[in-house]
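Subject: Structure handover

Hello,

Here is the structure I promised to pass on. Please open it and keep it beside this email as you read.

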Amino acid sequence: EKREAGILLHISSLPSKYGIGTLGREAYNFIDFLNQSHLHVWQILPLTLTSYGDSPYQSPSSKALNPYFIDLEFLIEDGLLTKDECDSIEWGGDEGRVNYEILFHNRYNVLKKAFNRFNRNDDSYNEFLNKHEYEDFAIFMTLKELHTYKPWNTWENEYRNYSSKIDKEIKEKYGDLVEFYEWTQYIFLKQYNNLKDYAHKHDVKIMGDMPIYLAYDSVEVWKDSELFQLDKNHLPTRVAGCPPDCFSVDGQLWGNPLYNYDYMKENGYKWWNERINYNLKL
């Protein structure tokens, strides 16, 4: 209806004393800045969880949201963490750069403390859990943690090939860990939706980005292998990349398995429709 201007700034690039930009106060300050500058669009990169390489375009899940962006100061205000607990941890010495290795070793430990203090009888939380929307992701991440975060294709045979029996076993043996990963999604969405409401009240739209491909080491490739071009050993037969151009003389090899569009077409591209609708809600 009208022309609008905005700024591309990923969440990770916001100022933070805890190692990476978050959904906290500085995000609200940036919305204020956009509003005062008569800019109406805040463009961000994918909010998806990152894995090896720390790229949001190589995510282990098409849906899971990055727990690194959960704001620790808001968790302190909620009584789930103390300031001393957060301040006593090394988050990286360079305020201009994210040290993903340090985040990987420290962030989840802090979030697990918050989870252990969280009121798990909360009605809205249990309503969230009962939807089972992030359960596949949580089971996959639990298995990854139990296998020291190695890719699923290196796990022992009993876990390498998905079955409903694995779901049942992991939920029974490691229920708290599965629920922790689901809780990260609940807290992320709680903080994100509050931020989005604030943006809309200040005439700012959040413009997202959805990666075309998923990582080979992802819950979808592990569980729904028929969606991808894989051989009988579940190895990719074709992977994504980019031909040679002025940016890269040799081209680029990204390594993401290509989709099996023949299979997808048979059920009306159900997976794509659900994925796009989910991202539009965000």
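Below is what I found in it, from the whole chain down to single residues.

One caution before the details. This is a predicted model. Keep that in mind throughout.

**The whole chain**

The protein chain has 12 helices and five strands. Its radius of gyration is 20 Å. The globule rule gives 19 Å for 282 residues, so the chain is as compact as a globular protein of that length. Along the principal axes, the C-alpha trace spans about 55 × 50 × 40 Å.

How much of the chain is buried? The share is 44% of the 282 residues. The exposed surface of the chain comes to about 15,500 Å². Carbon and sulfur atoms supply 49% of that surface.

Next, look at how the chain meets itself. Take the contacts with a separation of 6 or more. Residues 24 or more positions apart account for 70% of them.

Charges come next. The protein chain carries 31 positive and 44 negative charges. The mean positions of the two sets are 2 Å apart.

**Aromatic pairs**

How many aromatic pairs does the structure hold? There are 34. Two of them are worth a look on screen.

Start with Phe118 and Tyr125. Their ring centres are 5.0 Å apart. Their planes stand at 80 degrees, and over 60 counts as edge-to-face, so this pair is edge-to-face. Phe118 has 13% relative accessibility and counts as buried. Tyr125 is buried as well, at 0%.

Now go to Trp155 and Trp222. Here the ring centres are 5.9 Å apart and the planes are at 65 degrees, so this pair is edge-to-face too. The pair links distant parts of the chain, with the two positions 67 residues apart. Trp155 lies in the loop between α6 (135-146) and α7 (157-160). Trp222 belongs to helix α10, residues 219-223. Trp155 and Trp222 are both buried.

**The loop between β1 and α1**

Two serines deserve a stop here. Ser12 sits in the loop between β1 (6-8) and α1 (25-36). Ser16 is in the loop between β1 and α1 as well.

Are they buried or exposed? Ser12 has 14% relative accessibility. Buried means under 20%, so Ser12 counts as buried. Ser16 has 29% and counts as partly exposed.

Now check their contacts, leaving aside neighbours within four places in sequence. Ser12 is in contact with Ile20, Gly21, Phe69, Val98 and Tyr100. Ser16 is in contact with Gly21 and Thr22. So Gly21 appears in both lists.

Ser16 also gives you a distance to check. Glu95 is 79 residues away from Ser16 along the chain. Their C-alpha atoms are separated by 7.8 Å.

**The loop between α6 and α7**

Go back to the loop that holds Trp155. Thr148 is found there, and so is Tyr149.

Look at their backbone angles. Most residues other than glycine have a negative phi. Thr148 is not a glycine, yet its phi is positive, at about 50 degrees. Tyr149 is not a glycine either, and its phi is positive at about 65 degrees.

How accessible are they? Thr148 has 57% relative accessibility and counts as exposed. Tyr149 is partly exposed, with a relative accessible area of 30%.

**Helix α4**

Last stop: helix α4, residues 100-117. Two of its residues are good to look at.

His105 lies in this helix. It is partly exposed, with a relative accessible area of 47%. Asp94 is 11 residues from His105 along the chain. The C-alpha atoms of His105 and Asp94 are separated by 17 Å.

Ala114 lies in helix α4 too. At 0% relative accessibility, Ala114 counts as buried. Which residues does Ala114 touch, leaving aside its neighbours within four places in sequence? Its contacts are Leu75, Leu80, Leu81 and Trp183.

Compare one more distance. Ala114 and Asp78 are 36 residues apart along the chain. Their C-alpha atoms are separated by 9.5 Å.

Best wishes

Conventions. Residues are numbered from 1 along each chain as its sequence is written. This is a predicted model: local features need pLDDT of at least 70, side-chain atom pairs count only at pLDDT 80 or more; totals for chains, interfaces and linings use all residues. Side-chain values use heavy atoms; hydrogens and water are left out. Helices (H or I, at least four residues) and strands (E, at least two) are DSSP runs, numbered from the N terminus. The radius of gyration is taken over C-alpha atoms; the globule rule is 2.2 Å times the number of residues to the power 0.38. Buried means under 20% relative accessible area, exposed over 50%, partly exposed in between (1.4 Å probe, protein chains only). Contact means heavy atoms within 4.5 Å. Accessible areas come from the Shrake-Rupley method with a 1.4 Å probe; for residues, only the protein chains shown count as cover. Lys and Arg count as positive and Asp and Glu as negative; His and the chain ends are not counted. The place of a charge is taken as NZ of Lys, CZ of Arg, CG of Asp or CD of Glu. Rings of Phe, Tyr and Trp (its six-membered ring) pair if their centres lie within 6.5 Å; planes under 30 degrees apart count as stacked, over 60 as edge-to-face and the rest as tilted.
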